[in-house]
Every structure is written in structure tokens, then in C-alpha cells.
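Here is a short round of questions and answers on one protein model. Look at the structure first, then read on.

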Amino acid sequence: MNLSEKLTNAVKDAVQELFSASLETVEVQPTRKDFEGDLTVVVFPILRVAKGNPAVIGEQIGTYVKENLDEISDFNVVKGFLNLVIADAYYLNFFDGIRDQKNFGHEPESGKAVMVEYSSPNTNKPLHLGHIRNNLLGYSVAEILKASGKKVYKTQIINDRGIHICKSMLAWQKFGEGETPESTGLKGDKLVGNYYVKFDKAYKEEQSYLVAQGKTKEEAEKEAPLILEAQDMLRKWEAGDEEVVALWEKMNGWVYEGFEETYKNLGVDFDSYYYESNTYLLGKDNIEEGLKKGVFYKKGDGSVWCDLTEDGLDEKLVLRSDGTAVYMTQDIGTAIQRVKDHPDVGGMIYTVGNEQDYHFKVLFLILKKLGYDWAEHLFHLSYGMVDLPSGKMKSREGTVVDADDLVEEMATTAGNIAQELGKLDGYSEAEKQELYKIIGLGALKYYILKVDPKKRILFNPEESVDFQGNTGPFIQYTYARIQSILRKAADTGVAEDYAYEALQSKEKELIKQLALYPETVQLAAENHSPALIANYTYDLVKEFNSFYQQVSILGADTDAEKSFRVALSKKVGEVIEAAFGLLGIQVPERM
């Protein structure tokens, strides 16, 4: 039983004994910083069963609790709030219990698995800033769920087919002159992306020519020779034309190599991959099944629909009149296929931008109506756009910010700021470059993940690499400071054992903050929110820096104080590292 439960029971017992009344619930909250105490019992709700002056009732309950709970050493009553002081021995016992716990706050795996989908790019262009938020969110939520005790599969669906892919293929065929990533020195995704842009340029020129010949804009868009050729190429691909399929495989292969490099640079990974070229025909059998169950109905033209009007949504097309699938059909089939592939999956999380909110409401509802029990545990991890201050960073086309360019820019920005601060004496050039990358990526990830996923973000690279305030580098710097303390402690032979009985207030506050880590992990998992981990870590670091400034660690008066404070600093460092690991952020040993 934890202390909060013990306290609740003790307050209920006090009310029963003192007022012969039973209390159903007890409101307990952390004591406000400006009052003495650690936990506060709100007395006002108790007045419903115990009549009298709230201050007197608070005193009576406080006396009873102090006498009956060893963990409570003192109390005070302020205007109907009973503030309880927890004994130092309780915090010291707690710290001794977690001091050598390797996975403190992280639970062992149990129960059904969860599949987390993120990234899911198109193979006609490189990953961009929007993909960065998607990847960082999906990866972090997967890691947080693992830490909370869930088995997790990380996956993505790659949009590797369709007219947009054929556009890149056709442009390369026409204008490529056999270019390859090797011959150009370009990453494969960049090379293929360039041909998508070239197609668009040539297509627009053809449209302009046709409009000048008297065609309407709509006619020109439909009749331009390039788009007709691309459509013909798509038909050939669907028919399995050997030459077209070979070109598709070659160019997609280039893109995948490029993507892998970006994922490696970003520090994200996947357990499995789904490809739209394999899944686009899925779902049709499920529609047939749903027709028999009465989940769907057929219109006169042969098209199949799902009527969701009673659920506050509209009617949704799931199969066209010519029998071809729509995206919804594929998504239904893919979800069902994933559970067939991983029978232990009991739920799925889709990391997709908020423009798809409605699509996922419909998808989840249809899967529930089809009778799948895991459909009760589907979640759309919806997120807002990421904007940059105009002029801060432009891509080659001037609109979309390339993911690789942004990662590189972040390392450069971190390097410039670190050099200005003059913090890196004695580092080799290779060590400096590695550190700039760790700081730059940490800054980018933290800036994006500290914000609630649903909110739109204005990302400012310089602001994110500030070494002060609620930033990744500020937290990384604190971690490095702790490692420096530990190295000095080892050099001076600080003993690991201590006999310590009375805590300073700053030591106590730091242990209280450490104690919040396990419940923060669970809360972040329940809410699919890396922001809760990010902001917890910032609070822990602020508490440590306050402790560091006001309490001498290596210059402590006694050996016991010195040993205890070094051990406490070490644990704070371990929790910073673990929490940042859940955000996909590395921490440097020196800075």
C-alpha cells in the first residue's frame, strides 16, 4: 500500500472514531510550496459528515493521523487545509529502495501488445518537417508505452504505389539519362524527389501550351500528354508489366535507402513495414462479410456504403460501383491483416496529422461494427502542423523543409552557440561534431515533444538551442554537470555508503520529484503524451539546479552528507537519461 492510500485510510478511520461518521472519499493533494508540509488533506468536503469548525476538525484529524501513521512527523492547519509533514525516514527509505533500481519507473511487459504506426511516407519525395513531428511523436509514444509495461510493435505503411509514384518514374525515364544515387552523389529519396518536381514543371508547361491552343484549364490538366502517359504507366504497373515493375522496384529501392539514412539520423526505428502495393487490394473480402452482417448496404448503382448517421457521422462509401476500393477499404483490410500477422495485438495507435481526424473516427467505428474486440482500443494520435518563422529556413523549392537539411542545420546552430559560449576546450574536432549533433537533435526533439501533440507549433531553431530555460540543451547540460560531479567524486574517493537521518529541505524536494517519475510514465502512456515526460524532466532538472546552488555536494560538512548527495545526484542523472530516452534524446557525458 502506498503512502497516499495509507493516509486516505487513516483519515477515514479518524472521521469514524472522532465523529462516528463514514467518509467515502478523501481529497489529498501535494502541499503548496508556500506552506510547510508535503501532502494536504482538504477538510471542507469532510464537513458534510463531521459538523463543526473546519480548523478544529483539521486539528483533530491531524493529531489522530500523526499518532497512528509513523510516516507523518508533523502537521499544521491553514484555513481548512490540513498540511501533513512526511517524516525524513520515509523519504530516506524510499530513496534507499530505488537507489540501485536499474529500471526505476519502468514496468515489466505484460498484457496485450499495442501496434504504433508512424512515419508512413510516400516514395516520391524525401521526408520533410511534418514527417519529423510524426516520427518523433510515434517513436516516443511507442517507447513510453513500452516503459509503462506494454509490448509494442512499431510499424509504418509506405505509400509506394499510385499516380504520384508513376510521375517520378516517368520523369526519370524521360529526363534522367540513367542517373543514379551513385552517379549523382545524391541520397536516393532526394534524387527521386527531384524527378517528381521535374514532372510537375514539364506537366505545367504542357498545360500552358494547351490553354494557349484554346483548351480550358480543366481540359488541359486532363489531356496533357505527360499525365496520360503517367496514367498509362499506372495501368501497366497494375497489370504487372515487367519493365514498369522493374523500374518501380529500382527507384523505390533508392528511396528506401534514403529513408533509412534519415531514420538513422533521427534515431527512430521500426519492427515491421507494410506497403500499399501489398495492401491496396485488402478489405474487399471484409466488405462482403460486412454486407452479410448488415453493417454495409448496397445502392442501386452497386456501390457499397456504411450508414453512420445514427452515430452522428455521415454515410461513408467503402466500395465504388465498379468494385474498386477506396482508402477506407484498404485501411479496414490493413488493420485486420495486422492483427492476423500479430495475434497478440490488442490495440493500435495511428500517428497521423489532424486533417485526418474524421477519417479515423469513421474507420474505428466501422471496425467496431464489424465486431472486432480490439477495435475498442484504437487511438488516433492526432497532431498539428509545424511552422517555421518565415525566412529562417528555406528548402530548395522554397516551401517544404527537408528533414535531412533541418537535422544538419540544427547541428550547425548548436555548434555556433557552443563556440560562442566557449564550453568545448580540450575536445577533438570529431568529438565536437558528435556533440553538436547530440545537442542539435536534442534541441529539435525536445522543442517538438514538450508541446501537446494537438497544438500547432512554430519551430524556431535558435530558440530551441538555448542553454537556458525549458529546452533540450538546458537539460542535457544539467545531466553533463551531474556526470562531472560523479567523476570528481570517484577521483576523490567518496564512499558509496552513508548513515544519513535528517534531510535538508532541498534534498527532500528532489526525492519527492524523483518519486513522481513512475506515475508520470503511466500518465504519459494513458494520455499518449510525450509532453508529460518532457515537462516532468524539466521540473526535475529545475529542482536539481536549485539543490546544486543551495547545498554543497562535494564540499559537504560530513562524509555521510557528501556520500548521500553524490548518490542522490547520480539517481537524478539516471532518471534524466531514462526520461530523455523515452523522448529519443541522447544525453552527453560532457558539455
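Q: Which word describes how α3 and α22 lie to each other: parallel, antiparallel, perpendicular or oblique?
A: This is a predicted model, where local features need pLDDT of at least 70, side-chain atom pairs count only at pLDDT 80 or more, and totals for chains, interfaces and linings use all residues. Residues are numbered from 1 along each chain as its sequence is written, and side-chain values use heavy atoms, without hydrogens and water. Angles under 35 degrees count as roughly parallel, over 145 as roughly antiparallel, 65 to 115 as roughly perpendicular and the rest as oblique. Helix α3 (88–98) packs on helix α22 (559–582) at about 60 degrees, so the pair is oblique.

Q: Which residues of α22 does α3 meet?
A: Contact means heavy atoms within 4.5 Å. By class, this contact has six nonpolar, no polar and one charged residues. From α3 come L92, F95 and I98; in α22 they meet F564, A567, L568 and K571.

Q: Which strands are at the edges of the five-stranded open sheet?
A: Strands are DSSP runs of E with at least two residues, and helices are runs of H or I with at least four, numbered from the N terminus. Two strands pair if DSSP finds at least two bridges between them. The order is β7-β6-β5-β11-β12, with parallel pairing. Two strands pair on one side only: β7 (272–275) and β12 (378–383).

Q: At what angle does helix α14 run to β12?
A: Angles run from 0 to 180 degrees between N-to-C directions, with axes fitted to C-alpha atoms, for helices over the stretch in contact. Helix α14 (357–369) lies across β11 and β12. Its angle to β12 is about 180 degrees.

Q: How many residues apart in sequence are the parts tied by K151 and D344?
A: A salt bridge is a side-chain nitrogen of Lys or Arg within 4 Å of a carboxyl oxygen of Asp or Glu. The side chains of K151 and D344 form one at 3.2 Å, N to O. K151 is in strand β6 and D344 in the loop between α13 (327–341) and β11, so the tied parts are apart by 193 residues.

Q: Which residue takes a positive phi in the hairpin of β8 and β9?
A: Strands β8 (297–298) and β9 (304–307) pair in the antiparallel sense over two bridges. Y297 stands opposite W305. Five residues sit between the strands, and the one with phi near 95 degrees is G302.

Methods:
Ala, Val, Leu, Ile, Met, Phe, Trp, Tyr, Cys and Pro count as nonpolar, Asp, Glu, Lys and Arg as charged, and the others, Gly among them, as polar.
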